[in-house]
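Below are some notes on the model you asked me to look over, set out as numbered points. They begin with the whole chain and then turn to single sites.

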Amino acid sequence: MKVVYHPRYLEVYAGDPAAKAGRIESILREVSPHYELVTPEPASIEDVKLAHTEWHISEIKGMSHVYEVALLAAGGAIKAAELAMSGETAFGLIRPPGHHASPGSCWGFCFFNNMAISVAKLRQEGRIKRAVILDFDLHYGDGTDNIFSGVADVVYHHPEDRNNKEFVAGIERFLEKQKADIIAVSAGFDRGVEDWGGLLTTEDYQGIGRLVKGFSERVCQGRRYGVLEGGYNHDVLGKNVKAFLDGMS
Ligand SMILES: [Zn+2]
């Protein structure tokens, strides 16, 4: 398991909760003693165009500070995907998040859709055909869904059960029916029992990680990676991310 991280992810680039100081630090404290950190490069404009319109890209470019870290976040997802393809499980400890970024618009603290860019790039390069994207963030990843709408070979799944045991069991049932060349996880921790959603325990996050690992080993040569989406209670964010990584590795 390698963790993709860049010091610029620590920067406060906006006034929203995803950019709040201390967020990435709280995760880094928990995971950096256990997992090797890898530094990404910014995504290229050509990469970003795989998921977004030129108009949208120019809008984000107008916010110069956001633009630079958003390109680095997309680059972090690409790096995590490349590691997964090389047989190394990876997690993008990236910011800003991306799953609310659609081809021509964005909201919810997102600017570029990191996950969609990373999956689209693997597909464009012919390295995979079929991908499963599991998004366990509290919020529906409308951006990811929009970007892959009509693309039969990319399956987007957002579980919504109101009971934590059912939530995890539902993921297991979903995965039993899937075929893919890679599994990619939009890992948002805002459904945590001590976060906005008030549902999933630290053990649940570890259990989801184990399901992702098991699926990848059965179905897609072990290729698996995740990227950070939401999660806002800095007191518990680190241990929940660590539990997910422990399960996935
Ligand atoms: Zn969220």
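1. Please keep in mind throughout that this is a predicted model. The secondary structure of the chain amounts to nine helices and seven strands, and the C-alpha trace spans about 45 × 40 × 35 Å along its principal axes.

2. On overall packing, the radius of gyration of the chain is 16 Å, which agrees with the value near 18 Å that a compact globule of 249 residues would have. Of the 249 residues, 59% count as buried. Where contacts join residues at least 6 apart in sequence, 78% of them join residues at least 24 apart.

3. As to the surface and the charges, the accessible surface of the chain comes to about 9,700 Å², and carbon and sulfur atoms account for 47% of that area. The chain carries 27 positive and 34 negative side chains, with the centres of the two sets lying 4 Å apart.

4. Which protein residues are the donors of the zinc ion? They are D137 through OD, H139 through ND1 and D190 through OD, and these donors lie 2.0 to 2.1 Å from the metal. Along the chain the donors follow the spacing D-x1-H-x50-D. H139 lies in the loop between β4 (131-135) and α6 (142-147), while D190 lies in the loop between β6 (182-187) and α8 (202-219), so the pair ties together parts that are 51 residues apart in sequence. Since water is not among the atoms, the site may look incomplete, and the list of donors should be read with that in mind.

5. Are H139 and D190 buried or exposed? H139 is partly exposed, at a relative accessible area of 27%, whereas D190 is buried, at a relative accessible area of 0%.

6. Helix α5, which covers residues 114-124, contains N114, and K121 has its place in helix α5 as well. N114 is buried, with a relative accessible area of 1%; leaving aside residues up to four places away in sequence, N114 touches A70, A73, A74, A77, I94, P96, P97 and G98. K121 has a relative accessible area of 14%, and because buried means under 20%, this lysine is counted as buried. With residues up to four places away in sequence again not counted, K121 touches D47, L50, I78 and E82.

7. The loop between β3 (90-92) and α5 holds P96, and F109 is placed in the loop between β3 and α5 too. A cis peptide bond joins R95 and P96, with omega at about -5°, and P96 is also among the residues that N114 touches. F109 has a phi near 70°, a positive value in a residue other than glycine, and F109 counts as partly exposed at 25% relative accessibility. I would suggest looking at the backbone around both of these residues in the displayed model.

8. A positive phi is also found at Q221, where the angle is about 55° although the residue is not a glycine. Q221 sits in the loop between α8 and β7 (224-228), and Q221 is exposed, with a relative accessible area of 66%.

9. Where is Q178 placed, and which residues does Q178 touch? Q178 is in the loop between α7 (164-176) and β6, and the residues that Q178 touches are R130, V132, V155, F215 and V219, not counting residues up to four places away in sequence. Q178 counts as buried at 10% relative accessibility. For one of these contacts there is also a backbone distance: the C-alpha atoms of Q178 and V219, which are 41 residues apart along the chain, are separated by 8.4 Å.

10. Finally, W55 belongs to helix α3, residues 54-61, and is exposed, with a relative accessible area of 54%. The C-alpha atoms of W55 and F109 are separated by 19 Å, and the two residues are 54 residues apart along the chain.

Terms used:
Residues are numbered from 1 along each chain as its sequence is written. This is a predicted model: local features need pLDDT of at least 70, side-chain atom pairs count only at pLDDT 80 or more; totals for chains, interfaces and linings use all residues. Side-chain values use heavy atoms; hydrogens and water are left out. Donors are N, O and S atoms within 2.8 Å of the metal (3.2 Å for Na, K and Ca); water is not among the atoms, so sites may look incomplete. Helices (H or I, at least four residues) and strands (E, at least two) are DSSP runs, numbered from the N terminus. Buried means under 20% relative accessible area, exposed over 50%, partly exposed in between (1.4 Å probe, protein chains only). The radius of gyration is taken over C-alpha atoms; the globule rule is 2.2 Å times the number of residues to the power 0.38. Contact means heavy atoms within 4.5 Å. Accessible areas come from the Shrake-Rupley method with a 1.4 Å probe; for residues, only the protein chains shown count as cover. Lys and Arg count as positive and Asp and Glu as negative; His and the chain ends are not counted. The place of a charge is taken as NZ of Lys, CZ of Arg, CG of Asp or CD of Glu.
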